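Work through the exercises below with the coordinates open. Try each task before reading its solution.

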Amino acid sequence: MFALNRKGTVIAEGLRIVGSVSADGAVEVNGQVDGDLHCTSLTVSPKAVIRGGINARRVVVNGKVEGPIKGEEVVLKSHAIVIGDIQAQSLAIERGAYFEGNSRRSEATNLPQTPVKGHGQAVAAALVKKEAEPKANIAA
């Protein structure tokens, strides 16, 4: 009946969901979610509140999250308030964001298999780790 150009799910301002939310695509939260949220991509608007765990490939927070965040790429925008641990391959925190918790870099465990041409086998994608920086010697 109505055609939308936008793909994904929007939790509108004024809407409160109690319980877990699971979606195959993108989710934009403008309201409140009291429960865990699992999706591909999540955007938390400045007026939004999430009280529960988040598991998404990409997470952009510009509102309030009380609970752990797990994702490949996590961005805390300038109005973000996050109280909880973050596990991500990439974490960016803008000036003005508030973050209380621990941050841990997650290992890429679900890397896609790449077929090797002519061999009929799959080779796991490689993860390159940065070598530790040498520690400076400080003499007292």
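**Exercise 1. Count the salt bridges, then trace the network that includes E66.**

Solution. This is a predicted model. A pair counts when a side-chain nitrogen of Lys or Arg lies within 4 Å of a carboxyl oxygen of Asp or Glu. By this rule the count comes to 8.

Step 1. Start at E66. Its salt bridge with R51 has the closest N and O atoms 3.3 Å apart. E66 lies in strand β9 (residues 64–66) and R51 in strand β7 (residues 49–51), so the pair ties together parts that are 15 residues apart in sequence.

Step 2. Look for another partner of E66. The side chain of K64 also meets E66 in a salt bridge, at 3.1 Å from N to O.

Step 3. Put the network together. Salt bridges link R16, D34, R51, K64 and E66.

**Exercise 2. Classify E66, R51 and K64 as buried, partly exposed or exposed.**

Solution. Buried means under 20% relative accessible area, exposed means over 50%, and partly exposed falls in between.

- E66 has 28% relative accessibility, so it is partly exposed.
- R51 has a relative accessible area of 38%, so it is partly exposed.
- K64 has 27%, so it is partly exposed.

**Exercise 3. Find how β10 is paired, and which salt bridge ties it to β8.**

Solution. Step 1. Take strand β8 (residues 54–61) and strand β10 (residues 69–76). They run parallel, joined by 6 bridges. One partner pair is N55 with K70 in β10.

Step 2. Go to the other pairing. β10 and strand β12 (residues 86–93) also run parallel, with 7 bridges between them. Here V75 has A92 of β12 as its bridge partner.

Step 3. Add the side chains. E72 and R57 form a salt bridge at 3.9 Å, N to O. E72 is in β10 and R57 in β8, so this contact ties together parts 15 residues apart in sequence. At 40% relative accessibility, E72 counts as partly exposed.

**Exercise 4. Which residues form a nonpolar patch with about 240 Å² of accessible area together?**

Solution. The patch on the surface consists of I81, I83 and Y98. I83 sits in strand β11 (residues 81–83). Its relative accessibility is 34%, so I83 counts as partly exposed.

**Exercise 5. Decide where the pLDDT is low.**

Solution. Step 1. Check the overall score. The average pLDDT is 81, and 72% of the residues score at least 70.

Step 2. Check residues 1–5. Their pLDDT stays under 50, and the model gives them 0 contacts beyond four places in sequence.

Step 3. Check residues 111–134. The pLDDT is below 50 here too, but this stretch has 17 contacts beyond near neighbours in sequence.

How values were computed: Residues are numbered from 1 along each chain as its sequence is written. This is a predicted model: local features need pLDDT of at least 70, side-chain atom pairs count only at pLDDT 80 or more; totals for chains, interfaces and linings use all residues. Side-chain values use heavy atoms; hydrogens and water are left out. Two strands pair if DSSP finds at least two bridges between them. Helices (H or I, at least four residues) and strands (E, at least two) are DSSP runs, numbered from the N terminus. Patches are made of residues with over 30% relative accessible area and no salt bridge: like charges are joined within 9 Å, nonpolar side chains (Val, Leu, Ile, Met, Phe, Trp, Tyr) within 5 Å. Accessible areas come from the Shrake-Rupley method with a 1.4 Å probe; for residues, only the protein chains shown count as cover. Buried means under 20% relative accessible area, exposed over 50%, partly exposed in between (1.4 Å probe, protein chains only). pLDDT is the predictor's confidence in each residue, from 0 to 100. Contact means heavy atoms within 4.5 Å.
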